[in-house]
Amino acid sequence: MNRLNKYGGIMRQTPIMALLPLRCYWLAALLSPTLLAAASVAAAQDAKPAPKAFPAALVEAGGARFVQQCAFCHGRDAGGGEDGPDLTRSKLVAEDRDGNQIGPVVRNGRPEKGMPRFTVSDREIAELVAFIQTQKTLAESQKGGRRGVDAADLQTGDTAAGKLYFNGAGKCSSCHSPTGDLAGVAKRFEGLKLEQRFLYPRDVKAKIVVTLPSGETVSGALAYKDEFNVALTDASGRYRSWAVNRVKFTIDAPAEAHADLLAKYTDDDIHNLMAYLQTLK
Ligand code: HEC
Ligand code: HEC
């Protein structure tokens, strides 16, 4: 297991691959350069005050969760990817204390900006925070190249198993049809793009219905939402916003179903689904 030493770095003690309960193929890239460089990070930090160190088990659990639910947008090492910003350089992460900034972002998402919301327990937030902050500490000591999702290994799935999952456990068929909306999807998106698309179709607009104090309802595309304000763009293109405590509203974000699925996929499910979706030409 990799353990945090007293300087907050991660020591590599045994082959991590064999021990970490991660299941994705992003794993290989997550583990290699960052963690291997970590021992030297600890040494380099001898002179500085120690950054906050998290229990190794917490960091590990957070790493596993991050790889499964966050990495394909934020990069395996939280260093940023095609669809999500570098969290190791984020001001919000820098200002976070025990999850008070990261927690709300993860739970509320920023649906209008491509950050899904996740249903996570306090413990799971603590794990994610431990992982992200540890990655930040590492990244600050060695800014290396940035990596996206690995294109390798996209072609290893079983088409029949993918089809079964699509119509069964995955419940994909409750929203999609291979001869309807998904017909030709493999022509529209190839390889990695297709995979990113089904892991989380990020540019899908959420709809919102706002009920004003008068009882009047206004509906449109969700344009903005934070703790204090909510806004939409109505059918005529007009932007309207309200303080959240003045109105009632319901948000329908159909693509959020994809965010919920992230926690459920096994490695095989993803490979098999990819194989199946690639037959939809
Ligand atoms: C589908 C892509 C996607 C996934 C999956 C995703 N994020 Fe994000 N995330 C984003 C985007 C895009 C932003 C930037 C939103 C914005 O511009 O305000 C963001 C922003 C954030 C921020 C705020 C950064 C800042 O500086 O404001 C945090 C923290 C964060 N994500 C954590 C996570 C965690 C933890 C997970 C996994 C549980 C996760 N994200 C999963 C796309 C994603
Ligand atoms: C609750 C409904 C729901 C479920 C369940 C669901 N999806 Fe989706 N999915 C969506 C929505 C909404 C979109 C965005 C549609 C769009 O962009 O036109 C989408 C987009 C996609 C896309 C991209 C389509 C395109 O043309 O851009 C793929 C591929 C996809 N889903 C695959 C899946 C798979 C595979 C599963 C099951 C593991 C699944 N979805 C489960 C609602 C759902």
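This passage walks through the fold of one protein chain and the surroundings of its ligand.

The model is predicted, so local features are reported only at pLDDT of at least 70 and side-chain atom pairs only at pLDDT 80 or more, while totals for chains, interfaces and linings use all residues. Residues are numbered from 1 along each chain as its sequence is written, and chains are lettered from A and ligands numbered from 1 in the order in which they are written.

The protein chain holds 13 helices and 7 strands; helices (H or I, at least four residues) and strands (E, at least two) are DSSP runs, numbered from the N terminus. Of its 281 residues, 33% count as buried. A residue is called buried if 20 or more other C-beta atoms lie within 10 Å of its own, exposed if 12 or fewer, and partly exposed in between, with C-beta atoms placed from the backbone. Contacts (C-beta atoms, placed from the backbone, within 7 Å) often link distant parts of the sequence: among those with a separation of 6 or more, 67% join residues 24 or more positions apart.

Helix 4 (residues 56-69) is a good place to start. Its 14 residues should span 20 Å at 1.5 Å a residue, and the end C-alpha atoms are indeed 20 Å apart, which agrees; the expected span is 1.5 Å times one less than the number of residues. Because 10 of these 14 residues are buried, helix 4 is largely enclosed by the rest of the structure. Among the buried ones are Val59, Phe66 and Val67, and also Glu60 and Arg65.

The sheet comes next. Strands of a sheet pair through backbone hydrogen bonds, either parallel or antiparallel. Here, an open sheet of 5 strands follows the order 6-5-4-3-7 with antiparallel pairing, where two strands pair if DSSP finds at least two bridges between them. Strand 6 (239-243) and strand 7 (248-252) each have a single partner strand, so one side of each edge strand is left without a neighbour in the sheet. On average, neighbouring strands are turned by 40° against each other, direction ignored; the axes are lines fitted to C-alpha atoms, for helices over the stretch in contact, and angles run from 0 to 180 degrees between N-to-C directions.

Strand 5 (residues 229-233) takes part in two hairpins. With strand 4 (residues 217-225), strand 5 shares 4 antiparallel bridges, and 3 residues lie between the two strands. Ala221 is bridged to Thr233, and Tyr224 to Ala231. On the other side, strand 5 and strand 6 are joined by 5 bridges, again antiparallel, with Thr233 partnered by Tyr239. This second hairpin has 5 residues between its strands, and Gly237 in the turn has a positive phi of about 90°. In a regular strand the side chains alternate between the two faces of the sheet. Strand 5 has Val230 and Leu232 on its covered face, and Asn229, Ala231 and Thr233 on the uncovered one.

Finally, the ligand. Of the 24 residues around ligand 1, Cys70, Cys73, Gly84, Ser90 and Met115 come nearest; a residue is near if its C-beta atom, placed from the backbone, lies within 6 Å. Helix 5 (71-74), helix 6 (91-95) and helix 7 (102-108) each supply at least two residues of this shell. The shell divides into 14 nonpolar, 5 polar and 5 charged residues, where Ala, Val, Leu, Ile, Met, Phe, Trp, Tyr, Cys and Pro count as nonpolar, Asp, Glu, Lys and Arg as charged, and the others, Gly among them, as polar.

How values were computed:
Two residues are in contact if their C-beta atoms, placed from the backbone, lie within 7 Å.
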